[in-house]
Amino acid sequence: MSETMRAMVVERLGPPDVMELREVPRPEPGPGEVRLKVEAVGINFADVLAVAGEYLTRTRVPYTPGMEFAGVVDAVGEGVQGVEVGTRVASLGGRGGLAEYALSPAAALIPVPQGLSGAQAAAFPVSYFTAYHGLKTLGRGEAGEWVLVQAAAGALGTASIQLAKAMGLHVIAMASTEEKLGLARDLGADVTLLQDDPDRVKKVREAAGGKGVPLILEVVGGARFQESLEMAANLGRIIVIGNASREPANLRPVELMKRNVTVTGLWLSSLMPDAELTRQAAQALTPLVASGQVTPQIGPTYGLAESARAFQDILDRKTTGKVIIEPGR
């Protein structure tokens, strides 16, 4: 086996084109680590923010991006138990996925439901675990309630629609184009609205029976956060998962008091170490995937050398589903 591999390397933070394809040493797993031959990397908006230096945690350079990836276990480090060479797994290792081989802490591995392809396995962990925690763990969604899903045609949006319907919720989906709304309807959304509809606040409240929406998955941020407050029902729950606008949002606590609205932040990275919450999520998701009730929605796929274009396409809102990069292409 060659002692080198291809990988995307970032030495300075900035727009997607700061990533460079290089030949680098193939990493060896240390204690508690495994090495994967990477089949597919699921690209999230968080990856784009990390390269730009705008993520929740500091991006230390030089580094190889790719928080979420799937592949076959190729080597096992000292002290690792219960992980066999040749097994397909997914990893939330945090970095390193955009390469032909990647290291992952054994604790960051997630078993892949049988029948998923490498691309589907890479599209599964972040989007579906985040959707579950947003809808259930933190959102406390109940069958028969309405939920508003923003950016409904994206990786998290498509996962949220499918999971919400499996839980018996009614879904209002918002997206930027009619084509994207068509995908949302295909996945089961009950009501679809263009995100720039001038009457969107009124229409969302009316769709939920005129009383507002009990549960909102908020990913846009900026000025749209205020609109989420206006769309929320009395006792509504707003789960803040992202800030796609990359703009600051203002919050006056008195606005929460008036209608007893709750705003809760969700960051999967800080939830995953909670073994019991992770077990509950996996226990709920695995049978849904096995039965076909939820299926990871694969969007456009790119080769490793096309990584910068993939990131830029996400920024330009050109994609639907989970963007996948396949290092073996």
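## Working through a predicted model

Arg252 counts as partly exposed, with a relative accessibility of 48%. Keep in mind that this is a predicted model. Here are some exercises to get you around it.

**Exercise 1.** Find the partner of Arg252 in a salt bridge, and decide whether that partner is buried or exposed.

*Solution.* Start at the side chain of Arg252: Glu255 forms a salt bridge with it, and their closest N and O atoms are 3.5 Å apart. That fits the 4 Å limit for a salt bridge. Now for the partner. Glu255 has 16% relative accessibility, so it counts as buried, the cut-off being under 20%. The pair therefore joins a buried Glu255 to a partly exposed Arg252.

**Exercise 2.** In what order do the six strands of the open sheet lie, and which strands stand at the edges?

*Solution.* Read across the sheet and you get 10-9-8-11-12-13, with parallel pairing. The edges belong to strand 10 (191-194) and strand 13 (262-265); each has a single partner strand, so one side of each is left without a neighbour in the sheet. As you step from one strand to the next, the twist averages 15 degrees.

Next, look at what packs on this sheet. Helix 3 (residues 125-137) does, and it touches strand 8 (146-149), strand 11 (213-218) and strand 12 (232-240). The direction of helix 3 makes about 155 degrees with that of strand 11.

**Exercise 3.** Follow the chain from strand 9 to strand 10 and work out what kind of unit they make with helix 5.

*Solution.* First, the strands. Strand 9 (residues 170-175) pairs with strand 10 in the parallel sense, over four bridges. For a landmark, take Ala173, whose bridge partner in strand 10 is Thr192.

Second, the helix. Helix 5 (residues 178-186) lies across strand 9 and strand 10, and runs at about 165 degrees to strand 10. Just after helix 5 comes Gly188, with a positive phi of about 115 degrees.

Put the pieces together: strand 9, helix 5 and strand 10 make a right-handed β-α-β unit.

**Exercise 4.** Which residues of helix 5 are buried, and what covers them?

*Solution.* The buried residues are Lys180, Leu181, Gly182 and Ala184. Their cover includes helix 4 (155-166), strand 9 and strand 10.

You can check part of this from the strand side. Ala175 lies in strand 9 and is buried, with a relative accessible area of 3%. Leaving out residues up to four places away in sequence, Ala175 touches Ala152, Lys180, Leu181, Leu193, Leu194 and Gln195. Lys180 and Leu181 in that list are among the buried residues of helix 5. Also, try going from Ala175 to Gln150: they are 25 residues apart in sequence, and their C-alpha atoms are 6.6 Å apart in space.

**Exercise 5.** How many residues apart are Arg279 and Glu276 in helix 10, and what joins them?

*Solution.* Arg279 and Glu276 both sit in helix 10 (residues 275-291), three residues apart, about one turn of the helix. An α-helix has 3.6 residues a turn, so residues three or four places apart point the same way. The two side chains form a salt bridge, with the closest N and O atoms 2.5 Å apart. Arg279 is partly exposed at 40% relative accessible area, and Glu276 is partly exposed at 37%.

Salt bridges can also share partners: in this way Arg26, Glu28, Arg35 and Asp74 are joined into one network. Within it, Glu28 and Arg35 meet at 3.3 Å, N to O. Glu28 counts as exposed, at 53% relative accessibility, whereas Arg35 is buried at 5%. The whole model has 19 salt bridges.

**Exercise 6.** Is Lys322 buried or exposed, and which side chain does its own side chain contact?

*Solution.* Lys322 is found in strand 15 (residues 322-326). Lys322 has a relative accessible area of 1%, so it is buried. Its side chain makes a polar contact with the side chain of Glu68, at 2.9 Å.

Conventions: Residues numbered from 1 in each chain as written. Predicted model: local features only at pLDDT ≥ 70, side-chain atom pairs only at ≥ 80, totals over all residues. Heavy atoms only, no water. Pairing = 2+ DSSP bridges. Helix = DSSP H or I, 4+ residues; strand = E, 2+ residues; numbered from the N terminus. Axes fitted to C-alpha atoms, helices over the stretch in contact; angles between N-to-C directions. Contact = heavy atoms within 4.5 Å. Right-handed = clockwise from strand over helix to strand, strands pointing away. Buried < 20%, exposed > 50% of the residue type's maximum accessible area, 1.4 Å probe, protein only. Polar contact = N/O pair within 3.5 Å; in protein donor to acceptor, adjacent residues only side chain to side chain.
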